[in-house]
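This briefing is addressed to a reader who wishes to inspect a single model in detail. Please keep the sequence and the coordinates at hand while reading.

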Amino acid sequence: MSVLVYTSSSDGKFKKSAFEVVSFGKKVAEELGTNLIALTINAEEVSELQTYGAESIVTVMNDQLTVFNAKGYAAVIHQVAAAKAATVVVVDSSIDGLYLGPLVAVSLDAGYASNVVAAPSSIAPFTVKRKAFSNKGFNNTVISTENKVIGLAKNSFGIHENPVTASVESFDASITASDLGVTSTSVDKAVGKVTIADADVVVSAGRGLKGPENWGMVEELADVLGAATACSKPVSDLGWRPHGEHVGQTGKPVATNLYIAIGISGAIQHLAGINASKVKVVINTDPEAPFFKAADYGIVGDAFDVVPQLITKLKDFKAQNS
C-alpha cells in the first residue's frame with residue numbers, strides 16, 4: 001500500500017500545484033502509515049519534490065506525452081499505481097486534473113472525490129471535505145472503495161516543506177495510439193505571460209471596457225501585479241479576447257489569492273467559477289451589479305478613471321519599497 005501523487009508540469013517545469021499536491025500527499029501518507037511516491041511526466045529537476053515530502057520519485061519520459069493528453073496521462077498513472085500498489089492516488093483539480101481524475105478512477109475501479117480542500121478527517125471510514133454547490137458550500141464525502149482517487153483544490157491545503165531524501169527511478173510506460181485517443185498537431189502558447197492556471201493574482205475584465213482596444217490598461221495592471229489576465233464569457237464570445245482567458249463556470253475556474261474584476265456585472269456562472277478565490281475586488285459603475293454582493297472590496301466608478309489611478313499608485317508603492 002502506498003500513496004501516489006501526480007505532479008503536473010509545463011515545459012519541464014513544475015507548476016505550483018505540484019508542490020501543494022505533494023504536501024497534501026505527504027499528510028495522507030503519514031495518516032495511513034505508508035510511503036509517498038511522486039510521479040512526474042516529462043519533468044526536469046525532479047529532486048525538488050523531496051523538499052515537500054516525496055520519499056520516492058518515479059519519472060516517465062515519453063515523446064508521445066510532450067503535450068497534455070488526458071487518456072495518455074491517465075494510462076501512465078494507472079500503470080505506475082498498479083506497479084507500486086498505490087491505493088490512494090492524488091491529482092490536482094485544475095482543468096487537466098478534472099479530466100484525469102475520473103479516467104484514473106475508472107481504470108483503478110476507485111472512488112473519486114474532486115475539489116478536496118483538507119486532509120482526511122477520518123481514515124476509517126476514509127472521509128474528505130470537499131467544495132460543493134459551485135463553491136458555495138462544503139460536504140464530507142466518504143470513499144468506501146479499496147482504491148481511492150482524490151482531486152485537490154488549488155490553494156486549499158497550502159505548500160508545506162517537509163524535506164526528505166528521495167530515491168529517483170525511471171519508469172518505462174507503455175503507451176499506444178488507443179491510449180491517447182486524440183493527437184495534437186500544433187499548440188499555441190502565450191509567451192512571457194503568467195498563465196491563469198499558475199497565477200496567484202488574476203485581473204479580469206468584461207464588456208464594461210467597451211472594446212478590445214481598451215485592454216491595454218488591464219494588461220498594464222496585470223503586469224504591475226505580476227498577474228494573469230482574464231475575461232468574462234461575453235468578451236471571449238465577441239472575440240475581444242482569446243477563449244483561453246475566459247474564466248467562470250463555463251470557462252476556467254480560478255482559485256487565486258486575489259481576483260480583480262473590471263467592468264464585469266457578475267453573472268451567476270462567472271461568480272460560480274471564481275468564488276473560490278480568497279479576495280475578490282470589483283470595479284463597476286453600477287452599484288447594483290451582482291458582483292458587489294460577492295466581492296470583498298468594491299469600487300463604484302468608471303474603470304477608465306479608476307484603473308489608471310490604481311496603476312499609478314501601485315507603481316509608486318513598488319518604487320518606494322524596492
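The points below cover a helix, a pocket, two residues at that pocket and the aromatic pairs.

The structure is a predicted model. In helix 5, five residues are named as buried: Met-217, Val-218, Leu-221, Ala-222 and Val-224. The second largest pocket holds about 240 Å³ of space, and a search of the whole structure finds seven aromatic pairs.

**Helix 5**

- Helix 5 spans residues 216-225, and its buried residues are Met-217, Val-218, Leu-221, Ala-222 and Val-224. These residues lie on the same side of helix 5 because they cover an arc of only 160 degrees around the axis.
- The cover over the buried residues of helix 5 includes three strands, namely strand 13 (201-205), strand 14 (228-231) and strand 15 (258-262), together with helix 9 (303-320).
- Gly-226 follows just after helix 5 and adopts a positive phi of about 65 degrees.

**The second largest pocket**

- The volume of the second largest pocket is about 240 Å³.
- Its lining comprises 18 residues, and those nearest the centre of the pocket are Ser-232, Lys-233, Pro-234, Ala-267 and His-270.
- At least two lining residues come from each of helix 6 (233-237) and helix 7 (268-274).
- By residue class, the lining of this pocket consists of twelve polar, four nonpolar and two charged residues.

**Ser-232 and Lys-233**

- Ser-232 sits in the loop between strand 14 and helix 6. With a relative accessibility of 8%, Ser-232 falls under the 20% limit and therefore counts as buried.
- Leaving aside residues up to four places away in sequence, Ser-232 is in contact with Ser-204, Ala-205, Gly-206, Arg-207, His-246, Ile-264 and His-270.
- Lys-233 belongs to helix 6. Its relative accessible area is 37%, so Lys-233 is classed as partly exposed.
- With residues up to four places away in sequence again left out, Lys-233 touches His-246 and Thr-250.
- Lys-233 and Lys-210 are 23 residues apart along the chain, and 14 Å separates their C-alpha atoms.

**Aromatic pairs**

- The whole structure contains seven aromatic pairs. One of them is formed by Tyr-6 and Tyr-73, whose ring centres are 6.0 Å apart; the planes stand at 85 degrees, so this pair is edge-to-face.
- This pair joins distant parts of the chain: Tyr-6 is in strand 1 (residues 2-7) and Tyr-73 in helix 2 (residues 70-83), 67 residues apart.
- Tyr-6 is buried, at 7% relative accessible area, and Tyr-73 also counts as buried, at 6% relative accessibility.
- A further pair is that of Tyr-259 and Phe-291, with ring centres 6.4 Å apart and planes at 10 degrees, and it is therefore stacked.
- The pair of Tyr-259 and Phe-291 likewise links distant parts of the chain, with Tyr-259 in strand 15 and Phe-291 in helix 8 (residues 291-294), 32 residues apart.
- Tyr-259 is buried at 0% relative accessibility, and Phe-291 is buried at 0% relative accessibility.
- Tyr-6 and Tyr-73 form one aromatic cluster together with Phe-68.

Definitions and conventions: Residues numbered from 1 in each chain as written. Predicted model: local features only at pLDDT ≥ 70, side-chain atom pairs only at ≥ 80, totals over all residues. Heavy atoms only, no water. Buried < 20%, exposed > 50% of the residue type's maximum accessible area, 1.4 Å probe, protein only. Helix = DSSP H or I, 4+ residues; strand = E, 2+ residues; numbered from the N terminus. Arc of directions from axis to C-beta. Contact = heavy atoms within 4.5 Å. 1 Å grid on protein atoms, 1.4 Å probe; cavity = no way out; pocket = protein on both sides within 12 Å on 5 of 7 lines; lining within 4 Å. Points joined across faces, edges and corners; volume = space filled by probe spheres on them. Nonpolar A, V, L, I, M, F, W, Y, C, P; charged D, E, K, R; others polar. Phe/Tyr/Trp six-rings, centres within 6.5 Å; stacked < 30°, edge-to-face > 60°.
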